[in-house]
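The following paragraphs walk through one chain of a structure, beginning at a single backbone position and widening from there. Please keep the sequence and the model side by side while reading.

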Amino acid sequence: MTEWSLDILLVIALLVTATSVLWSRDLFRGVVFFIAFGLLMALAWVRLRAPDVALAEAAIGAGLTGVLLLDAARHLSNDESQGEDGKEKKP
Amino acid sequence: MTRVLAILTVTAVCFAFLSGLVYSIWQIGATTTPVDLPALLAGNLDDSGVENPVTAVLLNFRSYDTLLEIGVLVIAGIAGISVAKTSSLEDPELRTSDELLYALQRWLVPLTLLLAGYLLWAGSDRPGGAFQAGAVLAASGVLMRLGGIPMDFLRPGLMLRLGLSLGFSVFLLVAVASALSGSRFLAYPPEMARTLIVAIETVLTLSIAMVLLALFVSAPINNAEEPEEGGS
């Protein structure tokens, strides 16, 4: 019974984080939700008794992709702010 | 006019590809015979040289797929490096020099290096393996890069090229050697299977870590100030 409720909670959390990734207007928020989604997905793989996939998901899906996306989001927001008011900073 | 022709051609090619794909899926669906894969795997596990069924599939029974996979990764890494502004790779200036990060990484980097080694070693008889170990190794590299440790080997040069291509070339070399010595492409001799798998996994780990790290490092460095978190 507890396992069932754990699984249902996991599924709900996955759905919530996935929709948050898709619907968040703020890139940084979206990336943070994506990392949370990746970690929850790793838990789901563990529950499905696929520890190899869980390890890969946690390391690549949540970790490295998260880092790359954070980096990209920062550059994108930097470009935006430079386009708006960055001209006086840099002649 | 040429534009319309080009669009038509591309549409035709896409349509042909799509119908070919649908047809092949249809064929697979029609002719499939139920195969008990877990039982098949369990029956042949002794011949594979490793005890972990996932590693046995990835690096022995279906090693062709893994060979292609590492090829794709290397190509992606090269593409990532080549679209990067070269200045970011050559730039000796480091991204951040956060004191907290610096203190943290002195604890974390040795641990992650150890973890990567463990994952690689564990891959032969329990969950783990080259991809996981490579990702963890790359993560420790990212930490070092963020914490301001210079990593000269990531600059364009011999080391980078060697590191990127090492896994794929060694894998291919083993495959070709086994083909030349009489057995089939990528069929390891049974008595050497374990040694070969561990050796391939080791070089794969290095290459995967190199590709992922190169992708991270070759991202452009912005001269703009740090934006506020989440600011857009």
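Begin at B:G182, which lies just after α8(B) and takes a positive phi of about 115 degrees. The model is predicted, and the angle given for this glycine is computed from it.

Step back from B:G182 into the helix that comes before it. Helix α8 of chain B covers residues 158–180 and bends by about 45 degrees at B:L166. On either side of that position in the sequence there are buried residues: B:L160, B:G163 and B:L164 are among them, and so are B:G167, B:F168, B:F171 and B:V174. An α-helix has 3.6 residues a turn, so residues three or four places apart point the same way. That spacing can be followed through the buried set, for example from B:L160 to B:G163 or B:L164, and on to B:G167 or B:F168.

What lies over these buried positions? The cover includes two other helices of chain B, α4 (63–83) and α9 (193–217).

Now take chain B as a whole. Its secondary structure amounts to 9 helices and 0 strands, so that from the N terminus on the order of elements reads α-α-α-α-α-α-α-α-α. Of the 232 residues in the chain, 31% are buried. Among contacts with a separation of 6 or more, 78% are between residues 24 or more positions apart.

Finally, chain B is divided into domain 1, residues 1–33, and domain 2, residues 38–217. The centres of these two domains, taken over C-alpha atoms, are separated by 35 Å.

Terms used
Residues numbered from 1 in each chain as written. Chains lettered and ligands numbered in written order. Predicted model: local features only at pLDDT ≥ 70, side-chain atom pairs only at ≥ 80, totals over all residues. Bend = angle between axes of the 7 residues up to and from the residue. Helix = DSSP H or I, 4+ residues; strand = E, 2+ residues; numbered from the N terminus. Buried ≥ 20, exposed ≤ 12 C-beta atoms within 10 Å, placed from the backbone. Contact = placed C-beta atoms within 7 Å. Domains from an automatic or database assignment.
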